[in-house]
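Okay, thanks everyone, let me pull this one up on the screen. I'd like to spend a few minutes on charged side chains and how they pair.

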Amino acid sequence: MATYLVGDIHGCLAEFESLLAQVSFDPEQDTLWLTGDLVARGPDSLGVLRYVRSLGPAVRMVLGNHDLHLLAVYAGISRRKPKDRLETLLAAPDVDELINWLRRQPILQVDDDLKLVMTHAGITPQWDLETARICAREVESILASDSYPLFLNAMYGDMPNHWSPELSGLPRLRFSTNVFTRMRYCFSGGQLDMLCKEAPSQAPMLLKPWFNLPSQLPAGYAVAFGHWASLEGQGTPAGIYALDTGCCWGGSLTLLRWEDKSYFSQPSLIAPDREAMAAG
């Protein structure tokens with residue numbers, strides 16, 4: 001039995017299957033953690049969703065910003081972007097089933113035995129673990145409800161950017177969604193900056209990667225995340241695992257075996273696009 005963590009797949013089904021073959025992944029014995037952004041930009045988002053869904057309880061995944069964008073496109077709230085390559089998925093005969101499955105997936109995973117936390121983008125330093133759990137449940141609940149189009153219509157936007165327990169309604173849900181699926185940088189007080197997408201070496205001095213600010217998570221807990229391909233899996237403190245290595249931009253797909261912290265990599269079959277990787 002093993003626990004495998006895989007970075008953002010982005011429709012790269014062939015690379016995903018090759019990576020799992022490297023470690024002889026067995027869904028009857030092993031557990032697969034996925035950092036979100038299963039879809040968009042790569043060539044086979046439909047195949048990825050079908051395959052991940054077929055794995056059933058062997059998968060522990062979280063939703064990413066591109067997964068939420070797919071839900072918004074399906075609901076008629078956001079426009080299709082040709083570069084996302086979602087046409088085949090949206091025209092598939094089982095698209096309704098796949099969308100209804102996808103919107104019922106978590107936005108936060110926590111395993112207290114492994115002392116492992118996973119979200120797509122990270123955990124704001126303004127939250128302790130219990131607050132993160134509460135805020136995740138709120139987002140997950142409305143996504144799974146019949147009111148999910150209302151939430152998707154209101155989730156776009158960069159404000160509010162500062163946490164307060166008094167936040168309520170759609171602004172609270174938007175803040176939580178930005179933390180879990182879009183965050184990269186924070187100001188020193190923990191406020192989110194949603195504009196900068198540069199690598200840390202090129203970011204303004206006022207900004208710090210969220211993982212370089214003091215954390216309120218319990219001692220000994222690790223955080224795994226994706227979303228930030230331009231990090232290329234490097235430059236994070238101990239206990240913080242950046243797993244998006246830009247497969248859909250021509251980088252690679254990365255897998256971490258949790259038990260011994262061994263890394264495995266599958267090079268992309270797509271021509272490199274470093275500029276797109278930086279933009280995320």
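I'll go through a few salt bridges, pair by pair.

Keep in mind that this is a predicted model. The general idea is simple enough: side chains of opposite charge can pair when their charged atoms come close. So how many salt bridges does the structure hold? The count comes out at 9.

Let's start with Glu-97 and Arg-53, where the closest N and O atoms sit 3.5 Å apart. Glu-97 is in helix H5, residues 95–102, while Arg-53 is in helix H2, residues 45–54, so this salt bridge ties together parts that are 44 residues apart in sequence. Buried or exposed, you ask? Glu-97 is partly exposed, with a relative accessible area of 47%, and Arg-53 is partly exposed too, at 35%.

Next up, Glu-138 and Arg-172. Their side chains meet in a salt bridge at 2.8 Å, N to O. This one also links distant parts of the chain: Glu-138 belongs to helix H6, residues 129–143, and Arg-172 to helix H8, residues 169–181, with their positions 34 residues apart. Now, which side of the cut-off does Arg-172 fall on? Buried means under 20% relative accessible area, and Arg-172 has 13%, so it counts as buried. Its partner Glu-138, at 28%, counts as partly exposed.

One more pair, then I'll stop. Glu-130 and Arg-137 form a salt bridge through their side chains, at 3.8 Å from N to O. Glu-130 has 42% relative accessibility, which counts as partly exposed, and Arg-137, at 46%, counts as partly exposed as well.

Okay, that's my bit, over to you.

Key: Residues are numbered from 1 along each chain as its sequence is written. This is a predicted model: local features need pLDDT of at least 70, side-chain atom pairs count only at pLDDT 80 or more; totals for chains, interfaces and linings use all residues. Side-chain values use heavy atoms; hydrogens and water are left out. A salt bridge is a side-chain nitrogen of Lys or Arg within 4 Å of a carboxyl oxygen of Asp or Glu. Helices (H or I, at least four residues) and strands (E, at least two) are DSSP runs, numbered from the N terminus. Buried means under 20% relative accessible area, exposed over 50%, partly exposed in between (1.4 Å probe, protein chains only).
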